[in-house]
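This report describes selected features of one protein chain. The sequence and the three-dimensional structure are shown first, and the description follows.

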Amino acid sequence: MRTRAAALIVAAGLAAACQAPTGPAEDAFVIGLSSEFENLSPVLGFAADGGALMFDGLMRRKPDLTLEPSLADAAPVTAPDGKTVTFTLREGVTFHDGRALSAEDVVATYRSVLDPKTNSPISGDFAAVESVAAKDRRTVEFRLKYPYAPFVQRTTLGIVPGGVTDPAKPVGTGPYSFVSWTPGDKITLKSNDSYFGGAPSIKRVVLAFAEDDNVRATRLEAGEFDATVLPPKAAKRFENQQGTTVHRVDSADYRGVMFPFKNPVTADASVRKAFGLAVDRQAMVDTILAGAGKPAFGPISPDVAWHDPAVTGSPRPDQAAAAALLDGAGWKQGDDGVRAKDGVRAAFTLMYPAGDSLRKELALAAASDAKKIGLEVKPEGLDWDAIEPRMAKDALIMGYGSPYDPDYVNYELYHSAYAGKGFFNPGHYDNPEVDAALERGRASGDEAERKQAYSRFQQLVHDDQPWTHLVFLKHVYVIRGQVEGVRPGVDAHEHATGGLFRDLHTWKLAA
């Protein structure tokens, strides 16, 4: 998954508010990010899992992933049947424009997400919600269609006044408020000194966009960035450098090869399975990740309790087994070393975002491994606008993963109802048994039944190989200067609006 340059939905409104590109302000804490946000609206999916500096949800996550009240003044009350969840709001919270937060704002935000006219990409996350209502100024009641176990985790969604965010000047309740957005360059924020959690010590923050990993490393070294996220190899140069700190943070974030089912080669299960047997995951961890990760064989990390330990494999390649599988399926090796079947060469393109050095190296390594078993894989680095329309027919090095409930991401990524919906299920994978397992896991309130459903889901995906999962990453952050209050946790794939920076408002810079 990825974020991209400012979408059309916000571009027009931002034009008037944005300033000409300039260097970072001297008094700002500047964070270098690898990609630009598509929008700044929680209703449209911005930082839906929390960690946004401009917005607060009813609940928020601590570094250990447990939940604590944020805009709510206490944990919610859930009815015995699991179908009614009631929140009471914290007193005295105001939005950045001075308006007081009320239950009606919460109701309007969730109704906006659920309204088909909004076309929110996260509406499916709230499919269990039957209704949401304000019982009084401070009380919000959610009624669910069924006992949806992860519902409270979903309430990290940022609340906006009246359920509407002005794209030219987004307003929230968070520790930082919006100043400006210069498309292709940066977003500037200032501290909300009236924040109910306490005024931030860092008064000005710049989120600067630099897609190329080497550019971010160079700008950090030059002092233009105070912090950034880098691939492990690119971060090595900072490990013993005075005045910088490197944080390796555990994550459920994986990289893998997404296979398109409309491509005659990758639609063949034997090709996908042979590819999965041929890749050398351990070499990828040791060399490309410089040890900052582990081999991956499915979408749920072994570090997460929902992981099925039976979904595993050899971190080293088994070329003999891969070749035998292809032989048995009728893919015969030609004089040029490339296999073919019924006149179709075993060749396909493997796209990757050109500025992402880690994905490039993974693509090149996977292509090299595949060549050894007679598959011709052609890596191609492109920008995201070129990649997106080709995902139904060309393979892609993708990233996803969440340490939260297994309903997160997996439902949208593997359920056939999401086939071809942007970066959700772009390969058009369709397995009714997988759909049924995901639906059962989503609808059940019984933990044992859910565990069984998600084990079944993992096994089916492992057998079908709609993806070849390659590696789980450690996220590597580099920070210049002495900073107090940094609290590493467990990251999801999307960590630009969370991850290590989620508590930035509590950090203190050494004098």
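Lys190 of this predicted model stands opposite Arg204 in strand E10. The two strands concerned, E9 and E10, run antiparallel and are joined by 5 bridges. Strand E9 comprises residues 186–191 and is mostly covered, since 5 of its 6 residues are buried. Strand E9 is also joined to strand E8, by 6 bridges, and this pair likewise runs antiparallel. Within that pairing, Trp181 stands opposite Ile187 in E9. Strands E8 and E9 form a hairpin with 3 residues between the strands, where Gly184 takes a positive phi near 80 degrees.

**The seven-stranded sheet**

These strands belong to an open sheet of 7 strands with mixed pairing, in the order E8-E9-E10-E1-E11-E22-E12. Strand E8 (176–182) and strand E12 (244–249) stand at the edges; each has a single partner strand, so one side of each is left without a neighbour in the sheet. On average, neighbouring strands of the sheet are turned by 20 degrees against each other, direction ignored. Strand E10 (residues 204–209) runs parallel to strand E1 (residues 29–33), and 5 bridges join the two. In this pairing Leu33 stands opposite Phe209 in E10. Helix H4 (residues 213–221) packs on the sheet and touches E1, E10, strand E11 (227–230) and strand E22 (475–480). The direction of H4 makes about 150 degrees with that of E11.

**Nonpolar cores**

Which residues of the largest nonpolar core touch the most other members? They are Tyr110, Phe142, Ile187 and Trp507, in a core of 64 residues. Helix H2 (residues 103–114) gives the most to this core, with 5 residues. Ile187 also has a place in the sheet, where this residue of E9 stands opposite Trp181. Leaving aside its neighbours within four places in sequence, Tyr110 is in contact with Leu58, Phe126, Val132, Phe142, Arg154, Thr155, Leu157 and Ile159. Another core lies apart from the largest one; it has 34 residues, among them Tyr254, Val409, Tyr411 and Tyr418.

**Buried positions in helices and strands**

Helix H6 (residues 269–278) is mostly covered, with 7 of its 10 residues buried. The buried residues of H6 are Ser270, Val271, Arg272, Ala274, Phe275, Gly276 and Ala278.

Asn410 lies in helix H11 (residues 410–414). Is this residue, Asn410, buried or exposed? Asn410 counts as buried because its relative accessibility is 4%, which falls under the limit of 20%. A polar atom of the Asn410 side chain lies 2.8 Å from the backbone oxygen of Pro406. Apart from neighbours within four places in sequence, Asn410 is in contact with Pro299, Ile300, His415, Leu438 and Phe457.

Leu350 lies in strand E18 (residues 347–353) and is buried, with a relative accessible area of 0%. Its C-alpha atom is separated by 5.2 Å from that of Leu396, although the two residues are 46 residues apart along the chain. Leu396 is also among the contacts of Leu350 when neighbours within four places in sequence are left aside. The others are Val257, Ala363, Ala366, Val377, Lys378, Pro379, Glu380, Ala395 and Ile397.

**Positive phi outside glycine**

Two loop residues other than glycine have a positive phi, as the table shows.

| Residue | Phi | Loop between | Relative accessibility |
|---|---|---|---|
| Leu65 | near 80 degrees | strand E2 (59–61) and strand E3 (67–69) | 23%, partly exposed |
| Asp342 | near 50 degrees | strand E16 (339–341) and strand E17 (344–345) | 74%, exposed |

Why does Leu65 count as partly exposed? Its relative accessibility is 23%, and partly exposed covers the range between the limits of 20% and 50%. Asp342 counts as exposed because its relative accessibility is 74%, a value over the limit of 50%.

Note on methods: Residues are numbered from 1 along each chain as its sequence is written. This is a predicted model: local features need pLDDT of at least 70, side-chain atom pairs count only at pLDDT 80 or more; totals for chains, interfaces and linings use all residues. Side-chain values use heavy atoms; hydrogens and water are left out. Two strands pair if DSSP finds at least two bridges between them. Helices (H or I, at least four residues) and strands (E, at least two) are DSSP runs, numbered from the N terminus. Axes are lines fitted to C-alpha atoms, for helices over the stretch in contact, and angles run from 0 to 180 degrees between N-to-C directions. Contact means heavy atoms within 4.5 Å. Buried means under 20% relative accessible area, exposed over 50%, partly exposed in between (1.4 Å probe, protein chains only). A polar contact is a pair of N or O atoms within 3.5 Å; within protein, one must be able to donate a hydrogen and the other to accept it, and residues adjacent in sequence count only if both atoms are side-chain atoms. A nonpolar core is a set of buried Ala, Val, Leu, Ile, Met, Phe, Trp, Tyr and Cys residues joined through side-chain atoms within 4.5 Å.
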